[in-house]
Amino acid sequence: MHILVLLMGLMTAASAQPAESAKPVKMVVLGDSLSAGYGLPAAASFPVRLQKALDAKGIKVDIINAGVSGDTASGGRDRVDWSVPEGTDAVILELGANDALRGTDPAVTRAALSDIITKLKSRKIAVLLCGMLAPPNYGSDYAAKFNAIYPDLSKSLGVPLYPFFLDGVAADAKLNQADGMHPTADGVDIVVKNILPTVEAFVGALSGQRS
């Protein structure tokens with residue numbers, strides 16, 4: 001009788017383990033218009049398309065779109081506490097493009113992104129940092145200082161980096177809307193395709209820590 005009870009207990013524990021590991025990763029994309037889906041139907045936005053791509057690979061995530069058009073890194077810092085709800089496991093941080101467009105002092109952008117990452121890490125939330133590149137109009141010195149923000153923060157704060165969010169899409173007229181800055185739906189799909197291996201590794205590492 002005792003053996004039967006023990007076996008039933010072991011079976012219950014074993015069956016509970018897969019259910020626990022199958023819980024979706026709760027993820028927030030904290031960003032600006034590039035992730036918010038500016039000029040596109042909601043179904044074509046980066047968070048929705050990324051979730052669809054992950055679902056197709058059997059990777060269970062629940063992604064919240066916390067992109068705000070026009071937002072800067074400082075704006076993201078101001079709203080991080082309420083944009084990233086309790087229970088969030090992971091954040092894809094995509095901010096800084098508007099800072100670069102406005103010629104914001106790179107030190108200001110760096111401090112804001114650092115504060116966001118530090119806040120999230122203090123809440124035990126994993127962060128994937130998405131890099132951005134400055135346009136050439138502010139000169140090479142500005143670009144060098146701005147572009148260095150992302151790899152520097154990745155290294156100093158110990159978070160994974162996707163080097164350039166718009167890789168494969170930036171400056172391609174066919175993949176951008178009329179303003180030349182915001183991806184079309186096809187452009188978003190390329191962003192998702194290119195970042196997908198990095199996100200898979202990010203979620204995989206997170207799932208390993210949770211198991």
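Angles under 35 degrees count as roughly parallel, over 145 as roughly antiparallel, 65 to 115 as roughly perpendicular and the rest as oblique. The model is predicted, with local features requiring pLDDT of at least 70 and side-chain atom pairs pLDDT 80 or more, while totals for chains, interfaces and linings use all residues. Residues are numbered from 1 along each chain as its sequence is written, and side-chain values use heavy atoms, without hydrogens and water.

**Exercise 1. Describe how H6 and H7 pack.**

Step 1. Identify the elements: helices (H or I, at least four residues) and strands (E, at least two) are DSSP runs, numbered from the N terminus. Helix H6 covers residues 106-122 and helix H7 residues 140-147.

Step 2. Compare the axes, which are lines fitted to C-alpha atoms, for helices over the stretch in contact, with angles from 0 to 180 degrees between N-to-C directions. H6 and H7 pack at an angle of about 10°, and their axes are 9 Å apart. The two helices are therefore roughly parallel to each other.

Step 3. List the residues in contact (heavy atoms within 4.5 Å). Pro106, Thr109 and Arg110 of H6 meet Tyr142, Lys145 and Phe146 of H7.

**Exercise 2. Find the buried side of H7.**

Step 1. Apply the cut-offs: buried means under 20% relative accessible area, exposed over 50%, and partly exposed in between (1.4 Å probe, protein chains only). In H7 the buried residues are Tyr142, Ala143 and Phe146.

Step 2. Check their directions, taken from the helix axis to the C-beta atoms. These buried residues span an arc of only 100° around the axis, which puts them on the same side of H7. An α-helix has 3.6 residues a turn, so residues three or four places apart point the same way.

Step 3. Look at the other side of H7, where Ser140 and Asp141 are exposed.

Step 4. Find the cover. The buried residues of H7 are covered by elements including helix H5 (97-102), H6 and helix H8 (149-157).

**Exercise 3. Describe the surroundings of Thr109.**

Step 1. Thr109 is located in helix H6. Its relative accessibility is 0%, so Thr109 counts as buried.

Step 2. Leaving aside residues up to four places away in sequence, Thr109 touches Ala73, Asp99, Thr104, Phe146 and Ile149.

Step 3. Take Asp99 from that list. Asp99 and Thr109 are 10 residues apart along the chain, and their C-alpha atoms are separated by 6.8 Å. Their side chains make a polar contact at 2.9 Å. Such a contact is a pair of N or O atoms within 3.5 Å; within protein, one must be able to donate a hydrogen and the other to accept it, and residues adjacent in sequence count only if both atoms are side-chain atoms.

**Exercise 4. Place E3 in the sheet.**

Step 1. Read the strand order. An open sheet with parallel pairing is formed by five strands in the order E2-E1-E3-E4-E5; two strands pair if DSSP finds at least two bridges between them. Strands E2 (61-67) and E5 (161-162) stand at the edges with a single partner strand each, so one side of each has no neighbour in the sheet.

Step 2. Examine the partners of E3. E1 pairs with E3 over five bridges, and Val28 stands opposite Val91. Four bridges join E3 to E4, where Leu129 stands opposite Leu93.

Step 3. Assess burial. Five of the five residues of E3 are buried, so this strand is largely enclosed by the rest of the structure. Ala90, Ile92 and Glu94 point one way, and Val91 and Leu93 the other way.
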